[in-house]
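Take a moment to turn this one around on your screen before reading on. The notes below go from a single residue out to the whole chain.

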Amino acid sequence: MIVTLIVLCEVGFWVLLAAGLATRYLLKMPRTGMALLLAEPVLELVLLVVTAIDLKNGADPGWEHGLAALYIGYTVGHGHRTVKWLDGHAAHRLGGGPPPPKPPRYGMARARHEGAVWLGSLVGGAVATALLLLAMAYVGDDGNTDSLRSWMYGAWRAVGIHGLIALSYLVWQKKEPETGSAVPTGDPEDVPDLLVRRPGQNEEQVR
């Protein structure tokens with residue numbers, strides 16, 4: 001049941017997202033479109049409530065409950081960024097707005113961008129951990145919570161790996177390629193004779 005609900009929440013997320021963007025930019029109803037976009041957190045709330053009810057009814061905590069916690073954590077950590085990115089592209093392609101800015105590619109700016117994305121993963125891991133700890137406390141010592149604990153460790157392994165990847169952009173910063181002409185500008189005396197022919201010189205004199 002929990003797995004089915006997770007799938008339905010994922011499908012519902014994209015359906016509400018598509019409906020909200022289409023309403024905002026195709027039907028020219030920005031308030032209605034925004035209302036549809038703001039309704040997306042309700043899906044996570046429904047998933048959280050159903051998961052708690054499932055545990056309350058005596059279900060053994062399993063991998064599906066851990067997956068539900070990670071799904072909610074990921075949505076909290078990265079859902080806003082995903083919606084904002086898609087909204088920018090929809091505004092450009094459907095609403096005639098300017099193209100959305102691309103993320104930086106070089107230097108410290110890229111490192112800061114990757115760090116901000118990693119903070120989303122950190123928030124997601126913290127939210128998932130809090131939900132898993134609440135589930136473990138709810139079950140108590142009588143139930144088997146090993147699967148929930150393993151999901152918690154897995155969440156922080158993912159956060160740690162993502163953090164190392166983000167850190168690599170700070171330690172090994174990619175330099176922006178130099179722009180400009182390879183041929184120096186200024187006095188023609190500084191330019192090779194084969195590239196600039198002085199007045200009065202023919203090809204044989206240049207050679």
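Which residues does T51 touch, leaving out those up to four places away in sequence? The model here is a predicted one, and in it T51 touches I2, H65 and A68. You'll find T51 in helix α3, which covers residues 40-56. With a relative accessibility of 10%, T51 counts as buried, since the cut-off for that label is under 20%. The side chain of T51 also has a polar partner: it reaches the backbone oxygen of L47 at 2.7 Å.

**The overall fold**

Zooming out, the chain has 7 helices and 0 strands. Reading along the sequence, you get α-α-α-α-α-α-α. Of the 207 residues in the chain, 31% are buried. If you take the contacts with a separation of 6 or more, 70% of them are between residues 24 or more positions apart. The accessible surface of the chain adds up to about 13800 Å², and carbon and sulfur atoms account for 65% of that.

**Salt bridges**

Side chains of opposite charge can pair when their charged atoms come close. How many salt bridges turn up when the whole structure is searched? The search finds 3, and here they are:

| Salt bridge | N to O distance |
|---|---|
| R24 and D87 | 3.0 Å |
| E114 and R110 | 2.8 Å |
| R149 and D146 | 3.4 Å |

Start with the R24 and D87 pair, whose side chains meet at 3.0 Å. R24 sits in helix α1 (residues 2-25) and D87 in helix α4 (residues 63-93), so this bridge ties together parts that are 63 residues apart in sequence. Are R24 and D87 buried or exposed? Both are buried.

The E114 and R110 bridge stays inside one helix: both residues belong to helix α5 (residues 107-139), 4 residues apart, or about one turn of the helix. E114 has 11% relative accessibility, so E114 counts as buried.

R149 and D146 follow a similar local plan, with both in helix α6, 3 residues apart, again about one turn of the helix. R149 comes out as partly exposed because its relative accessibility is 29%.

**An aromatic pair**

A pair of aromatic rings is described by the distance of the centres and the angle of the planes. Searching the whole structure gives 1 aromatic pair. The rings belong to F13 and W14, with centres 5.2 Å apart and planes at 90°, so this is an edge-to-face pair. As for how well each partner is covered, F13 is buried at 8% relative accessibility, whereas W14 has a relative accessible area of 42% and is partly exposed.

**A nonpolar patch on the surface**

Which residues form the nonpolar patch on the surface? The members are M108, L164, L167, L170, V171 and W172, and together they have about 640 Å² of accessible area. Helix α6 (residues 146-171) supplies the largest share of the patch, 4 residues. One patch member in helix α6 is L164. At 60% relative accessibility, L164 counts as exposed, because the label applies over 50%. Helix α6 is also the home of the R149 and D146 bridge described above.

Conventions. Residues numbered from 1 in each chain as written. Predicted model: local features only at pLDDT ≥ 70, side-chain atom pairs only at ≥ 80, totals over all residues. Heavy atoms only, no water. Phe/Tyr/Trp six-rings, centres within 6.5 Å; stacked < 30°, edge-to-face > 60°. Buried < 20%, exposed > 50% of the residue type's maximum accessible area, 1.4 Å probe, protein only. Patch = residues over 30% accessible without salt bridge, like charges linked within 9 Å, V, L, I, M, F, W, Y side chains within 5 Å. Areas by Shrake-Rupley, 256 points an atom, 1.4 Å probe, with all protein chains shown as cover. Salt bridge = Lys/Arg side-chain N within 4 Å of Asp/Glu carboxyl O. Helix = DSSP H or I, 4+ residues; strand = E, 2+ residues; numbered from the N terminus. Contact = heavy atoms within 4.5 Å. Polar contact = N/O pair within 3.5 Å; in protein donor to acceptor, adjacent residues only side chain to side chain.
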